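Work through three short exercises on the structure shown here. Try each task before you read its solution.

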Amino acid sequence: MTHERRLKAYEVEMPIRAGRDRVWEAVTKPPVLHRWFGWDYVGLGAEIQQIFVKAVTKVAREKRMGWADGSYLEIVADGAGSLVRAVREGPAATGPDHFDAIEEGWKAFLVQLRFLLEHHPPGVRRTIYLTGESTGREALGLADTDWQRVGARVAWTVDPDGHLVVAAGNRPLDSATTNAVQVIVSTYGLSDAEFATCRDGWAKRWSATAENTKVTVAGSPDPA
């Protein structure tokens, strides 16, 4: 008997206060993609090229792009703004609460897209990517601010310095179980010295919070 592996179906939606043309540019132009997608590491440019240029089929008139696994990203009108939808269709091979790294990635990255298009942060984006093992509650304690949830596993906030912080866990963030947790800190327009101070501060707090910690910035190898 052949057992076919089925990918989880998902639908992630993010309203953004920006017109469809502007959002389409942000998801199709590599220089703009660098200002919101993923996190800095040595292979980010190649990753953007593979996902958004080489391996994608685009229908510009419909503001829609798709990939070989049947997933797609589309921008639909939502009043004066837009609704970005990341979708993978298919039978419900797993329950809706089953962890899917791509689904959770879209939740985190679309928060970053919305921040860029709604807040217009000036200057070059540089990120601090923290990985390790902790509980979700411990990770959210890194920033003493109000966190907004995107599903059970992703949350975001803006820290007192104006940096966007997105936290994601392989388990729900309310779980008391230690699990793999990732935190992306997006900074914009910092000088080298300011960025180094910011990086060192986050690294210090993260090492005191989690186990098996790593800090990834531009030029670092893939943390995976």
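The exercises below deal with a helix, a nonpolar core and a strand in a predicted model.

**Exercise 1. Find which residues of helix H3 are buried, and where they lie on the helix.**

Solution.
- Step 1: Go through residues 44-54, which form H3. Leu 44, Ile 48 and Phe 52 are buried there, each under 20% relative accessible area.
- Step 2: Look down the axis of H3. The buried residues fall within an arc of 35°, so they line one face of the helix.
- Step 3: Turn to the face away from the buried side. Ala 46 and Lys 54 are exposed there.
- Step 4: List the packing partners. The buried residues of H3 pack against elements including helix H1 (20-28) and helix H4 (101-119).

**Exercise 2. Describe the largest nonpolar core and say which helix supplies its largest share.**

Solution.
- Step 1: Take the size. This core has 41 residues.
- Step 2: Pick out the residues with the most contacts inside it. They are Trp 36, Trp 106 and Leu 113.
- Step 3: Find the sources. H1, H3 and H4 are among the elements that each supply at least two residues. The largest share, nine residues, comes from H4.
- Step 4: Set the other core apart. It has 20 residues, among them Ile 128 and Trp 202.

**Exercise 3. Which strands pair with strand S6, and what stands opposite Thr 131 in each?**

Solution.
- Step 1: Start with strand S10 (residues 179-188). Ten bridges join S10 to S6, and the two run antiparallel. Gln 182 stands opposite Thr 131.
- Step 2: Move to strand S11 (residues 211-216). S11 pairs with S6 over four bridges, also antiparallel. Here Lys 214 stands opposite Thr 131.
- Step 3: Check the cover. Eight of the ten residues of S6 are buried.

Definitions and conventions. Residues are numbered from 1 along each chain as its sequence is written. This is a predicted model: local features need pLDDT of at least 70, side-chain atom pairs count only at pLDDT 80 or more; totals for chains, interfaces and linings use all residues. Side-chain values use heavy atoms; hydrogens and water are left out. Buried means under 20% relative accessible area, exposed over 50%, partly exposed in between (1.4 Å probe, protein chains only). Two strands pair if DSSP finds at least two bridges between them. The arc is that of the directions from the helix axis to the C-beta atoms. Contact means heavy atoms within 4.5 Å. A nonpolar core is a set of buried Ala, Val, Leu, Ile, Met, Phe, Trp, Tyr and Cys residues joined through side-chain atoms within 4.5 Å.
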